[in-house]
Amino acid sequence: MNSPAPNRQSLNNEQYFIRNIRQTDLDEIYSIEKRAYKKGWSYGIFQQSLTSNRGFILIRRDTDNIIGYGISQVIVDEFHILNICIHPDYQHQGLGKGLLYFLLDKAREFSCKDVFLEVRASNLIAIQLYLDAGFNEVGVRKNYYPSEKGREDACQMCLSLF
Ligand SMILES: CC(C)(COP(=O)(O)OP(=O)(O)OC[C@H]1O[C@@H](n2cnc3c(N)ncnc32)[C@H](O)[C@@H]1OP(=O)(O)O)[C@@H](O)C(=O)NCCC(=O)NCCS
């Protein structure tokens with residue numbers, strides 16, 4: 001059984017804010033993606049995601065730089081987190097957790113019952129973040145991701161909101 005979903009944990013609003021992704025943000029987002037992942041999304045996937053998905057960016061107020069993003073998709077009453085990423089220079093400061101909880105609030109706004117995501121089996125930091133937020137491991141997609149050694153499994157995770 002799932003543990004209770006986490007409550008809102010806001011980011012430090014004096015230093016950061018979140019807004020929807022725009023076309024003009026893509027170059028900056030893509031440069032973060034290339035630094036944060038060994039094998040991340042292509043520029044084209046980000047472009048497609050602007051039309052079909054809901055994307056949010058975390059911005060540092062004083063510099064106006066993008067320091068993180070979360071991309072999600074609502075399918076009826078399911079909320080899918082497709083990508084969540086914090087710029088490597090800003091990781092491990094609680095921002096990923098803040099962005100994740102922001103997305104969970106969005107899922108509640110859309111009256112979604114469940115939140116789903118997939119994560120590389122080797123990404124223990126992200127898996128711990130999701131477990132702490134109440135996600136459960138619900139399956140494995142064998143050889144789902146390209147990796148430096150060939151292919152890698154995806155761990156499927158789910159959080160029930162109601
Ligand atoms: C996964 C990611 C979004 C986490 O964001 P973050 O801002 O670094 O994480 P936070 O500081 O909010 O920490 C949240 C939790 O993650 C884990 N964590 C984060 N950094 C960690 C580190 N260096 N070592 C161990 N655990 C770590 C911890 O469980 C932490 O909780 P705690 O602070 O209560 O111990 C970020 O590391 C990232 O963007 N990684 C590259 C992209 C990626 O892998 N995205 C996930 C794809 S599914």
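Is lysine 113 buried, exposed or partly exposed? In this predicted model, lysine 113 has a relative accessible area of 46% and is therefore partly exposed, since that class lies between the limits of 20% for buried and 50% for exposed.

**Salt bridges**

Lysine 113 also takes part in a salt bridge, in which its partner is aspartate 77 and the closest N and O atoms are 3.5 Å apart. Because lysine 113 belongs to the loop between α3 and β5 (114-120), while aspartate 77 belongs to the loop between β3 (66-75) and β4, the pair ties together parts that are 36 residues apart in sequence. Aspartate 77, with a relative accessibility of 30%, is likewise counted as partly exposed.

By the distance rule applied here, the count of salt bridges comes to nine, and three of them are set out in the table below, with the distance between N and O atoms for each.

| Residue | Partner | N to O distance |
|---|---|---|
| Aspartate 89 | Arginine 35 | 3.4 Å |
| Lysine 113 | Aspartate 77 | 3.5 Å |
| Glutamate 118 | Arginine 141 | 2.7 Å |

The salt bridge between aspartate 89 and arginine 35 has its closest N and O atoms 3.4 Å apart. Since aspartate 89 sits in the loop between β4 (78-86) and α3, and arginine 35 in helix α1 (residues 26-36), this pair ties together parts that are 54 residues apart in sequence.

The side chains of glutamate 118 and arginine 141 meet at 2.7 Å, N to O. Here the two residues come from strands, glutamate 118 from β5 and arginine 141 from β6 (residues 136-147), so the pair ties together parts that are 23 residues apart in sequence. Glutamate 118 counts as partly exposed at 27% relative accessibility, and arginine 141 counts as partly exposed at 36%.

**Helix α3**

Helix α3 covers residues 95-109, and at 1.5 Å a residue its 15 residues should span 21 Å; because the C-alpha atoms at its ends are 21 Å apart, the model agrees with that expectation. The helix is mostly covered, with 12 of its 15 residues buried; among the buried residues are Leu95, Gly96, Gly98, Tyr101, Phe102, Asp105 and Lys106. Just after α3, serine 111 adopts a positive phi of about 55°.

**Strands β1, β2 and β3**

Strand β2 (residues 54-60) is largely enclosed by the rest of the structure, because five of its seven residues are buried. Strand β1 (residues 16-20) pairs with β2 in the antiparallel sense over five bridges, and within β2 it is isoleucine 59 that serves as the bridge partner of phenylalanine 17. The pairing of β2 with β3 is also antiparallel and runs over six bridges, with glycine 55 standing opposite isoleucine 71 in β3. These two strands, β2 and β3, form a hairpin with five residues between them, and in the turn aspartate 64 has a positive phi of about 70°.

A positive phi is also found at asparagine 143, a residue other than glycine, where the value is near 50°. Asparagine 143 is placed in strand β6, and at 45% relative accessibility it counts as partly exposed.

**The ligand and its surroundings**

Which residues come nearest to the ligand? Of the 21 residues around the ligand, those that come nearest are Ile86, His92, Gly94, Gly96 and Asn123. Histidine 92 is found in the loop between β4 and α3, and has a phi near 65°, a positive value in a residue other than glycine. With a relative accessible area of 86%, histidine 92 is exposed, a value for which only the protein chains count as cover.

A backbone N or O atom of histidine 92 lies 2.7 Å from an oxygen atom of the ligand. A polar side-chain atom of glutamine 91 lies 3.5 Å from an oxygen atom of the ligand, whereas for tyrosine 37 a polar side-chain atom lies 3.1 Å from a ligand nitrogen atom. Taken alone the ligand exposes 910 Å², of which the protein buries 75%. The elements that give two or more residues to the shell around the ligand are β4, α3, β5 and α4 (124-132), and the largest share, six residues, comes from α4.

Terms used
Residues are numbered from 1 along each chain as its sequence is written. This is a predicted model: local features need pLDDT of at least 70, side-chain atom pairs count only at pLDDT 80 or more; totals for chains, interfaces and linings use all residues. Side-chain values use heavy atoms; hydrogens and water are left out. Helices (H or I, at least four residues) and strands (E, at least two) are DSSP runs, numbered from the N terminus. The expected span of a helix is 1.5 Å times one less than its number of residues. Buried means under 20% relative accessible area, exposed over 50%, partly exposed in between (1.4 Å probe, protein chains only). A salt bridge is a side-chain nitrogen of Lys or Arg within 4 Å of a carboxyl oxygen of Asp or Glu. Two strands pair if DSSP finds at least two bridges between them. A residue is near a molecule or strand if one of its heavy atoms lies within 4 Å of it. A polar contact is a pair of N or O atoms within 3.5 Å; within protein, one must be able to donate a hydrogen and the other to accept it, and residues adjacent in sequence count only if both atoms are side-chain atoms. Accessible areas come from the Shrake-Rupley method with a 1.4 Å probe; for residues, only the protein chains shown count as cover.
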